[in-house]
Amino acid sequence: MQRSPAGLVLVAVGVFLAIVGLLAWFGALSWFGRLPGDIRVERPNVRFYAPITSMLLISIVLSVVVALVRRLWP
C-alpha cells in the first residue's frame, strides 16, 4: 500500500502541535507574548492586547520553514 504525502504532512503538523502544546503547558513559552513591541493595555474595565512582535516572529519562522520544505521537498 502506497502512503500519501499529505498524510505524512498531517502527522508532522500534529506532532509539532503536540510538542508546542507540551512546551506551553510546562511554562517553557511563558516569554512568548511579552516581547518588546507587544502592546498590552490593562484598565479596570478594558483589556487590550496586540502581540505585534510575537506575530512577526511567528511569521518569519513559518516563512523560513515553508521555504526550506519547498526547497527540499521533491
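Colleague: Is Trp31 buried, partly exposed or exposed?

Modeller: The model is a predicted one, and the class is assigned from the relative accessible area, where partly exposed covers the range between under 20% and over 50%. Trp31 has a relative accessible area of 43%, and therefore Trp31 is partly exposed.

Colleague: How are the rings of Trp31 and Phe32 arranged?

Modeller: The count of aromatic pairs comes to two. For Trp31 and Phe32, the ring centres lie 5.7 Å apart and the planes stand at 85°. Planes over 60 degrees apart count as edge-to-face, so the pair formed by Trp31 and Phe32 is edge-to-face.

Colleague: Which residue forms a salt bridge with Arg40?

Modeller: The structure holds one salt bridge, and its closest N and O atoms are 3.5 Å apart. Arg40 counts as partly exposed at 44% relative accessibility, whereas the partner counts as exposed at 52%. That partner of Arg40 is Glu42.

Colleague: Why does Asp38 have no salt bridge, and how far away is the nearest side chain of opposite charge?

Modeller: Asp38, placed in the loop between helix 1 (5-25) and strand 1 (39-42), is buried. A salt bridge needs a side-chain nitrogen of Lys or Arg within 4 Å of a carboxyl oxygen, so Asp38 has none, the nearest side chain of opposite charge being that of Arg40, at 8.2 Å.

Colleague: Which backbone nitrogen lies 3.3 Å from a polar atom of the side chain of Asp38?

Modeller: Asp38 touches several residues distant in sequence by more than four places, including Gly33, Tyr49 and Pro51. The backbone nitrogen of Arg34 lies 3.4 Å from a polar atom of the Asp38 side chain, while the one at 3.3 Å belongs to Ile52.

Definitions and conventions. Residues are numbered from 1 along each chain as its sequence is written. This is a predicted model: local features need pLDDT of at least 70, side-chain atom pairs count only at pLDDT 80 or more; totals for chains, interfaces and linings use all residues. Side-chain values use heavy atoms; hydrogens and water are left out. Helices (H or I, at least four residues) and strands (E, at least two) are DSSP runs, numbered from the N terminus. Buried means under 20% relative accessible area, exposed over 50%, partly exposed in between (1.4 Å probe, protein chains only). Lys and Arg count as positive and Asp and Glu as negative; His and the chain ends are not counted. A polar contact is a pair of N or O atoms within 3.5 Å; within protein, one must be able to donate a hydrogen and the other to accept it, and residues adjacent in sequence count only if both atoms are side-chain atoms. Contact means heavy atoms within 4.5 Å. Rings of Phe, Tyr and Trp (its six-membered ring) pair if their centres lie within 6.5 Å; planes under 30 degrees apart count as stacked, over 60 as edge-to-face and the rest as tilted.
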